[in-house]
Amino acid sequence: MTPKDVLDMAKENGAKIVDLRFMDFPGLWQHFSVPVGELDESSFEDGYGFDGSSIRGWQPINASDMLVVPDPTTAKMDPFYEVPTLTLICDIEDPITRESYTRDPRYIAKKAEAYLKTTGIGDTAFIGPEAEFFIFDDVKFESGRNFAFYDVDSIEGIWNTGRDEGPNLAYKPRHKEGYFPVPPMDKFQDLRTEMLLTLESLGIAIEAQHHEVATAGQAEIDMRFQPLLQMADQLMWFKYVLKNVAYRHGHTVTFMPKPLFEDNGTGMHTHISIWKDGKPLFAGDKYAGVSQEALYAIGGILKHCKAICAFSNPTTNSYKRLVPGFEAPVNLAYSSRNRSAAVRIPMYSASPKAKRIEFRTPDPSCNGYLAFSAVLMAVLDGIENKIDPGDPLDKNIYDLPPEELAELDSAPGSLEEALASLEADQEFLLKGDVFTKDAIDMWIEYKMENEVNDVKLRPHPQEFFLYFDI
């Protein structure tokens with residue numbers, strides 16, 4: 001779509017407002033709006049000014065002026081605003097040099113796609129994330145100097161079997177039994193379908209929607225795979241649509257990886273494949289029907305997994321999900337069917353076009369632009385350096401003898417460990433100037449100061465249970 005096409009689209013749909021959206025460094029959509037009369041063909045080159053010092057992890061106060069430059073190919077009509085509104089995803093530029101901003105996550109994703117082409121390995125990286133989420137009915141939390149609490153609730157929560165609901169009609173999924181009964185046990189079929197149809201109305205192809213394993217409204221809606229940058233854009237629309245559909249029905253959606261104790265956490269199994277000249281690179285005659293390149297790609301992911309986790313599992317809460325021994329994909333191994341392995345080779349289809357590798361460790365709290373780019377860079381490093389992934393892990397991990405189990409490496413046990421791994425292992429990300437040292441250093445600094453240390457300094461309610469009477 002060209003700038004002229006966007007202007008025609010705005011006119012055809014009666015748009016009165018243009019919403020300009022961009023991604024902050026940690027991973028939330030930001031926006032501001034202008035009257036549609038402020039949009040013309042030159043706007044797609046000149047951009048719009050804003051204060052970059054007010055965005056998390058970006059500019060200092062003495063160099064705050066920045067530009068958002070709309071990408072005409074991203075134009076969509078917003079499905080929620082009362083006033084007809086054209087929405088454009090924007091790139092970030094320096095207003096003086098007009099150079100792309102190194103900490104703009106979308107720019108990093110663009111560079112990752114460009115680097116793939118320069119390697120000659122392929123020309124397209126397809127990404128297919130399975131982003132899980134929870135639908136809650138009530139959420140309260142607060143943290144002060146002398147107190148802390150959280151309280152989440154759901155009509156589906158198994159803990160509400162004894163609540164007076166006037167009347168309580170039961171049908172609440174037991175812990176780990178939400179995959180996937182029909183209504184009335186499943187309370188959110190219609191809500192998920194509305195989410196699905198809203199996404200489709202925006203041109204986002206959907207493969208399926210269903211309840212997930214946990215009680216209390218855990219769910220999943222799967223988008224059909226797309227090229228990396230397009231999928232990162234779509235992931236932002238995905239989160240936006242799900243949150244707003246739920247909100248207008250009196251519910252709330254969270255992509256927090258582990259909101260419930262002793263039930264399944266929320267992951268984002270991420271499928272990746274590389275194609276060249278319209279042909280899949282990962283189909284072949286090796287283990288599970290993949291190519292040697294696919295095995296090398298797996299080797300790259302396993303080698304760099306701990307560093308990747310700094311982007312793909314970027315919250316302290318992420319590591320409440322990634323706990324060994326609880327079916328979490330923490331084992332740095334690969335398999336065709338073993339779901340406790342970090343990398344799986346899906347066996348649903350024998351078609352060469354369906355051959356891909358599934359990185360199961362990520363969760364949907366991530367910034368998709370950064371996470372997908374980091375995964376691609378690890379895949380390319382594996383192929384370029386012929387990294388052997390070793391033998392597959394097809395045994396039941398929980399039946400392994402202690403000596404075999406001890407040989408298995410694991411994903412990081414904390415965000416702090418993941419950030420330390422990123423500090424020590426980042427050369428593969430710096431190739432082609434995809435991730436810059438500046439961006440990586442700011443990521444580590446921001447996460448340590450604003451999240452890791454912030455959580456570490458606070459007493460936990462369970463510590464009172466364990467230690468108050470010492």
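**Reading a predicted model: K395, helix α3 and the backbone**

Q: Is K395 buried, partly exposed or exposed?

A: K395 counts as partly exposed, because its relative accessibility is 48% and the exposed class begins over 50%. The model is predicted, and the value is computed from its atoms. K395 sits in the loop between α8 (368–384) and α9 (402–407).

Q: Which residues is K395 in contact with, leaving aside its neighbours within four places in sequence?

A: Contact here means heavy atoms within 4.5 Å. By that criterion, K395 touches N338, L400 and E404.

Q: How far apart are K395 and K111, in sequence and in space?

A: The two lysines are separated by 284 residues in sequence, and their C-alpha atoms lie 39 Å apart. K111 belongs to the buried residues of α3, whereas K395 is partly exposed.

Q: How does the span of helix α3 compare with what is expected?

A: An expected span can be set from a rise of 1.5 Å a residue. Helix α3 covers residues 105–119, 15 in number, and reaches 22 Å from its first C-alpha to its last, close to the expected 21 Å.

Q: Which residues of α3 are buried?

A: The general idea is that an α-helix has 3.6 residues a turn, so residues three or four places apart point the same way. In α3, the buried residues are P105, R106, I108, A109, K111, A112, Y115 and L116. This list includes the charged side chains of R106 and K111.

Q: What follows α3?

A: The helix is followed by G120, with a positive phi near 80°.

Q: Which residue that is not a glycine has a positive phi of about 60°, and which has one of about 55°?

A: Most residues other than glycine have a negative phi, and most peptide bonds are trans. R98 has a positive phi of about 60° and lies in the loop between β6 (85–93) and α3. D277 has a positive phi of about 55° and lies in the loop between β14 (268–276) and β15 (279–280). R98 is partly exposed, at 35% relative accessibility, while D277 is exposed, with a relative accessible area of 64%.

Q: Where is the peptide bond from Y179 to F180 on the cis or trans scale, and which residues does the other cis bond join?

A: Omega tells them apart. The bond from Y179 to F180 is cis, with omega near -20°. P183 and P184 are also joined by a cis peptide bond, with omega about 10°. F180 is in the loop between β9 (148–153) and α4 (189–201), and P184 lies in the loop between β9 and α4 as well.

Q: What is the radius of gyration of the protein chain?

A: The value is compared with that of a compact globule of 470 residues, near 23 Å; the chain has 23 Å, which agrees. Along the principal axes, its C-alpha atoms fill a box of roughly 65 × 60 × 50 Å. The secondary structure comes to 13 helices and 18 strands.

Q: How much of the protein chain is buried?

A: Of the 470 residues, 53% are buried. Among contacts with a separation of 6 or more, 67% are between residues 24 or more positions apart. The accessible surface is about 21,600 Å², and carbon and sulfur atoms account for 53% of that area.

Q: How far apart are the mean positions of the positive and negative charges?

A: The chain carries 46 positive and 74 negative charges, and their mean positions are 3 Å apart.

Terms used: Residues are numbered from 1 along each chain as its sequence is written. This is a predicted model: local features need pLDDT of at least 70, side-chain atom pairs count only at pLDDT 80 or more; totals for chains, interfaces and linings use all residues. Side-chain values use heavy atoms; hydrogens and water are left out. Helices (H or I, at least four residues) and strands (E, at least two) are DSSP runs, numbered from the N terminus. The radius of gyration is taken over C-alpha atoms; the globule rule is 2.2 Å times the number of residues to the power 0.38. Buried means under 20% relative accessible area, exposed over 50%, partly exposed in between (1.4 Å probe, protein chains only). Accessible areas come from the Shrake-Rupley method with a 1.4 Å probe; for residues, only the protein chains shown count as cover. The place of a charge is taken as NZ of Lys, CZ of Arg, CG of Asp or CD of Glu. The expected span of a helix is 1.5 Å times one less than its number of residues.
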